[in-house]
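Here's an informal walk through one protein model, written for someone who likes to poke at coordinates. Have the viewer open while you read.

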Amino acid sequence: MRKNPAKARASTARRRHTVAVALAHGVSPFALGVACEVFGIDRSRELGVDWYRFKECAVEEPPIRTEVGLTVDAPFGLDALARADTVIVPPPGRVIEPRPELLVALRRPGSWTAGAPPRTGCTRRSWPVASPR
């Protein structure tokens, strides 16, 4: 019996890896720009592989204002962080402590408990987001 090539392709197709970036007011435009450049520009056609699914997630009410005044209208909220495979937390400018809502979202069951820890840009500081296992 012959196999259906369309079914064979569908069964070997991988789910696109979802990368979410958590955005709070005062975010570093450089750190945000790096995340957008690496994961947000779809390079599927040039590389011949599925690229990342990229989600900008607002920690606070959008639009998010960067530390230099640029605004970002993040279309997703904190609930999208739990469904992401990788979470990027860029440094929020001059803010000393992370927003409590962000810490709650990062500690929720989801990508962290599935074994994929959040990533943070450490150009300025990093914070513990979960207790050790």
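Let's start in helix H5, which is where Leu 106 sits. This is a predicted model, so keep that in mind throughout. Leu 106 has a relative accessibility of 4%, so it counts as buried, the cut-off being under 20%. Its C-alpha is 7.1 Å from that of Leu 81, although the two are 25 residues apart in sequence.

Both of those leucines turn up again in the largest nonpolar core. That core has 14 residues, and the ones touching the most other members are Val 59, Leu 78, Leu 81, Val 87, Leu 102 and Leu 106. Where do the core residues come from? At least two each are supplied by S1, helix H4 (79–82), strand S5 (86–89) and helix H5 (100–107). H5 gives the largest share, with three residues. There is also a second core, separate from this one, with 12 residues, among them Val 19, Val 21, Leu 23 and Ile 64. As general background, nonpolar side chains in soluble globular proteins tend to be buried together.

Zooming out, the protein has five helices and six strands. Read from the N terminus, the order of elements is α-β-α-α-β-β-β-α-β-α-β. Of the 133 residues in the protein, 38% are buried. Among contacts with a separation of 6 or more, 69% are between residues 24 or more positions apart. The exposed area is about 8500 Å², and 56% of that is supplied by carbon and sulfur atoms.

Now for a few individual buried spots, starting with strand S2 (residues 53–58), the home of Cys 57. How accessible is Cys 57? Its relative accessible area is 0%, so Cys 57 is buried. Beyond its neighbours within four places in sequence, Cys 57 is in contact with a run of residues in Ala 20, Val 21, Ala 22 and Leu 23, and also with Ala 74, Phe 76, Gly 77, Ala 80 and Leu 81. Pro 75 is 18 residues away along the chain from Cys 57, with 6.7 Å between the C-alpha atoms.

Thr 18 belongs to strand S1 (residues 18–23). With a relative accessible area of 4%, Thr 18 is buried too. Its side chain makes a polar contact of 3.0 Å with the side chain of Arg 53. Setting aside neighbours within four places in sequence, the residues in contact with Thr 18 are Arg 53, Lys 55, Ala 84, Asp 85 and Thr 86.

Helix H2 is worth a look from two sides. Ala 35 is in H2, and at a relative accessible area of 5% Ala 35 is buried. Leaving out neighbours within four places in sequence, Ala 35 is in contact with Val 21, Gly 40, Phe 54 and Ile 88. The Val 21 pairing spans 14 residues in sequence, with the C-alpha atoms of Ala 35 and Val 21 at 7.5 Å.

Val 34 is also in helix H2 (residues 29–40), but at a relative accessible area of 38% Val 34 is partly exposed. Together with Phe 30 and Val 38, Val 34 forms a nonpolar patch on the surface, with about 270 Å² of accessible area in total.

What about charged pairs? The count comes to two salt bridges, listed here.

| Residue pair | N to O distance |
|---|---|
| Arg 43 and Glu 37 | 3.0 Å |
| Asp 79 and Arg 83 | 4.0 Å |

As for how these residues sit relative to the surface, Glu 37 is partly exposed, with a relative accessible area of 43%. Asp 79 is likewise partly exposed, at 46% relative accessibility, while Arg 83 counts as exposed at 53%.

One backbone detail to check before you go: which residues does the cis peptide bond join? The pair is Pro 62 and Pro 63, with omega at about 5 degrees. Pro 63 is in the loop between S2 and strand S3 (64–65). For context, most peptide bonds are trans.

Methods:
Residues numbered from 1 in each chain as written. Predicted model: local features only at pLDDT ≥ 70, side-chain atom pairs only at ≥ 80, totals over all residues. Heavy atoms only, no water. Patch = residues over 30% accessible without salt bridge, like charges linked within 9 Å, V, L, I, M, F, W, Y side chains within 5 Å. Areas by Shrake-Rupley, 256 points an atom, 1.4 Å probe, with all protein chains shown as cover. Salt bridge = Lys/Arg side-chain N within 4 Å of Asp/Glu carboxyl O. Helix = DSSP H or I, 4+ residues; strand = E, 2+ residues; numbered from the N terminus. Buried < 20%, exposed > 50% of the residue type's maximum accessible area, 1.4 Å probe, protein only. Polar contact = N/O pair within 3.5 Å; in protein donor to acceptor, adjacent residues only side chain to side chain. Contact = heavy atoms within 4.5 Å. Core = buried A, V, L, I, M, F, W, Y, C linked by side-chain atoms within 4.5 Å.
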